[in-house]
Amino acid sequence: MNRYTHVVGWGIGTPERVITNDELSRTLDTSDSWIVERTGIKERRVGGSTKSLAVEASTKAMEVAGVNPEDIDLLILATTTPDRTIPATSVTVQEALGLSCGAMDINAACSGFVYGLSMAHGQILAGANRVLLIGAETLSRFLNWEDRSTAVLFGDGAGAVVLEASDEPGGLLSYTMHADGSLEHLIYCDIPGTIFMKGREVFRKAVQAMEDACHKALEKADCSIDDISLLIPHQANIRIINTAAERLGIGSEKIAEVLSWTGNTSSASIPTALVDAVEKGRVADGDLLLLAGFGAGMTSAGAVLKWGA
Ligand code: UT7
């Protein structure tokens, strides 16, 4: 019997505190028009802990899936901003949710959620029945709020999915992962420290990385860009998303976007955009979704997901 990995539950965790571009302009040499034109970001949400946001997203995802704590066989938390260096933040999430399964953090920066999908799929092929996969971040803790080149870009948040084994064909059709450690210097955060980024260079690499990840994921799923109902890209910059979409040949009406109200939430951005699209009724059973992430490392990852049974 073949095993397939289906998304059966979803949810997001969103901090209450909203910081608008105008608010940032009061303390930084920046403006709403610069931030909107160069990034597409209008506001971002900050606050909470990586654990609390992950728990909020997961509680909703488990409710949608209709599963109990004992039904989850593994918890994977993709994060680049754990609450502590030791232990993994996932164990604190596990405890809060009342799970008794294994729990681990993975860090592949903004590609973390898509990396996590492939890890979860591997575990499902190996016999796990349900995996809780979360992308959660509190990047606001690692920002230099006096540095306009980074402070305006990032936000906090979480998105979670329950993945379930099934013999029904569909679900995760393909995935691809890539990393190029020679580009470590383009985005980093020392311990202790704040996020440093060479924005313009990252921009150029990001467009190419996203395009490559999409082409590879499409090829592995044996489908073309015309078969895709919705592109769910990492939410870093609307210009990166639009440039990559144009090069891929996918229309702007087929792009999931939350960046304008979340900012860049790293590994939380793709699941947040996915859940937002589902909740807005933009995803129907049988739709093919193309997920594409890129980020510090530089890592990149792509996946094709067939929604519904
Ligand atoms: O998720 C991880 C991956 N990260 C990314 O994908 C981010 C990729 N990079 C970007 O999104 C863009 O490069 C940025 C949004 C970071 C910057 O946009 P840009 O169009 O590449 O601007 P730039 O860095 O070339 O800077 C242009 C000008 C500079 O001034 P000068 O040298 O031309 O006088 C900057 O100092 O804009 C200035 N600038 C700002 N001005 C107002 C930089 N940040 C700001 C700001 N407000 N917040």
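Helices (H or I, at least four residues) and strands (E, at least two) are DSSP runs, numbered from the N terminus. Keep that handy for the exercises below.

This is a predicted model, where local features need pLDDT of at least 70, side-chain atom pairs count only at pLDDT 80 or more, and totals for chains, interfaces and linings use all residues. Residues are numbered from 1 along each chain as its sequence is written, and side-chain values use heavy atoms, with hydrogens and water left out.

**Exercise 1.** Find the cis peptide bonds at Pro192 and Met298, and place each residue in a loop.

*Solution.* Start with Pro192: a cis peptide bond links Ile191 to it, with omega about -10°. Pro192 sits in the loop between β9 (187-188) and β10 (196-197). Next, Gly297 and Met298 are joined by a cis peptide bond with omega about -5°. Met298 belongs to the loop between β12 (288-295) and β13 (299-306).

**Exercise 2.** Work out what is unusual about the phi of Asp222, and where that residue lies.

*Solution.* Asp222 isn't a glycine, yet its phi is positive, at about 55°. You'll find Asp222 in the loop between α7 (199-220) and β11 (230-233).

**Exercise 3.** Describe the shell of residues around the ligand.

*Solution.* First, count: 23 residues surround the ligand (a heavy atom within 4 Å of it). The closest are Thr30, Arg38, Arg200, Asn237 and Asn264. Then sort them: 11 are nonpolar, seven polar and five charged. Here Ala, Val, Leu, Ile, Met, Phe, Trp, Tyr, Cys and Pro count as nonpolar, Asp, Glu, Lys and Arg as charged, and the others, Gly among them, as polar. Now look at the helices: α2 (32-39), α6 (148-151), α7 and α8 (238-248) each give at least two shell residues. The largest share, four residues, comes from α7. Finally, domain 1 (4-166) and domain 2 (171-306) each contribute at least three; their bounds come from an automatic or database domain assignment.

**Exercise 4.** Which distances separate polar side-chain atoms of Arg38, Arg148 and Arg239 from oxygen atoms of the ligand?

*Solution.* Take them one by one: Arg38 gives 2.8 Å, Arg148 gives 3.0 Å and Arg239 gives 3.3 Å. As for cover, the protein hides 75% of the 960 Å² of accessible area that the ligand has on its own (Shrake-Rupley method, 1.4 Å probe).

How values were computed
A residue is near a molecule or strand if one of its heavy atoms lies within 4 Å of it. A polar contact is a pair of N or O atoms within 3.5 Å; within protein, one must be able to donate a hydrogen and the other to accept it, and residues adjacent in sequence count only if both atoms are side-chain atoms.
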